[in-house]
Amino acid sequence: MRLFLMVVLTLAGCSSDAVSTDDLLRLNHIQVKGTHNSYHVAPDPFVLADWDYTHLPLDRQFEEQGVRQVELDVLWDGDGGFRVAHVPIFDEGTNCPMFADCLSLVRGWSDAHPAHHLLFILVEPKDSLKSNPIEGYYLALDAEILSMWPRERILTPDDVRGGHATLRAALETDGWPTLGETRGRVLFLMLDSSEHRDGYLELHPGLQGALLFARGEMGAPWSSVIETGDGQTIREAAKAGYLVRTAVGGADDTLAEILEKEERVVSAGAHIISTDYPAPVEGMDWWLDLPGGLPSRCNPVTAPPECSAMAIENL
């Protein structure tokens, strides 16, 4: 495995020093840019300000905008698959209509860049109109993921838990895997805090045998990823070993509010920062660009002194 990693990093332009750094740096030592509703195409005609943004296709977000986290809203289509859309009928414009289409774009980019650090794929089950509820189809969701991604390239809760009784115990004892152990791989997170998360946990108690991690609260034995915009909570959670996801740059926020929140969540050590605006857009005075990122950077709260943006990823 180490020989393979050295070959991959050499092909990617990394020095042998990066290999030793790969053994030191862990997933919670980085800070990455992500997109909200990453598939989204603005509706025409214009409906709501919150929906007035259009993303590039997923692979171009990775390649051109430095995005390393994408969010996909999935709806059970009733015919054995999952569609991707925001709100059926009213806001369903998408760059990849089916979940498998979206995963294929991510897989294609990953295959072409095997030295990338772990990619985060956030999956939000949607039952907006309740015509085809997702309850009861969580195994189908797992199966669709495995149809596009081999198990060995997915970082799962079992991988992190190892021989410990719970994810929390594993993170407190061993911490997150290293960058070297997770290059070329993806992590799936269920972006839900109610019925779908509970249904998935019922199917996979403690997330044993699960493909997806679950968004949770600090202290839950299965919890490893939380979501908050509060600076103090972000800092406390990051120091406690959780991965923290947050968002910045809403359509209704003033520029002053956006800049204040950006400074707050970036400096507090949020690991994944999502936005509707990952790159310059005509008519917008702001976009998310992590300072010193190549495209990701060292987490200002958790990263050790040996960390550098070059060591995190140099494609």
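Visitor: Which elements do the buried residues of α4 pack against?
Guide: Keep in mind that this is a predicted model. On the helix side, the buried residues are Phe99, Cys102, Leu103, Val106, Trp109 and Ser110. Their packing partners are α3 (58-65), β2 (67-76), β3 (82-84), β4 (119-125), α5 (138-148) and β5 (186-190).

Visitor: Why do the buried residues of α4 line one face of the helix?
Guide: α4 covers residues 99-112 and reaches 20 Å from first C-alpha to last, close to the 20 Å expected. Look down its axis and the buried residues line one face, because they fall within an arc of 125°.

Visitor: At what angle do α4 and α5 pack?
Guide: From α4, the contact takes in Phe99, Ala100, Leu103, Ser104 and Arg107, while α5 brings Leu141, Glu144, Ile145 and Met148. The crossing is right-handed. The axes sit 9 Å apart, and the angle is about 35°.

Visitor: Which residues touch the most other members of the largest nonpolar core?
Guide: Take Ile121: leaving out residues up to four places away in sequence, its contacts are Val70, Leu72, Leu103, Val106, Val186, Leu187, Phe188 and Leu189. A separate core of 17 residues, including Tyr53 and Tyr242, lies apart from the largest one. Within the 61 residues of the largest core, the ones touching the most other members are Phe99, Ile121, Phe188 and Leu212.

Visitor: And what covers the buried residues of α9?
Guide: Helix α9 spans residues 195-203, and its buried residues are His196, Arg197, Gly199, Tyr200 and Leu201. Their cover includes β4, α5, β5 and β6 (212-214).

How values were computed
Residues are numbered from 1 along each chain as its sequence is written. This is a predicted model: local features need pLDDT of at least 70, side-chain atom pairs count only at pLDDT 80 or more; totals for chains, interfaces and linings use all residues. Side-chain values use heavy atoms; hydrogens and water are left out. Helices (H or I, at least four residues) and strands (E, at least two) are DSSP runs, numbered from the N terminus. The expected span of a helix is 1.5 Å times one less than its number of residues. Buried means under 20% relative accessible area, exposed over 50%, partly exposed in between (1.4 Å probe, protein chains only). The arc is that of the directions from the helix axis to the C-beta atoms. Contact means heavy atoms within 4.5 Å. A nonpolar core is a set of buried Ala, Val, Leu, Ile, Met, Phe, Trp, Tyr and Cys residues joined through side-chain atoms within 4.5 Å. Axes are lines fitted to C-alpha atoms, for helices over the stretch in contact, and angles run from 0 to 180 degrees between N-to-C directions. A crossing is left-handed if the near helix is turned anticlockwise from the far one by less than a right angle, and right-handed if clockwise.
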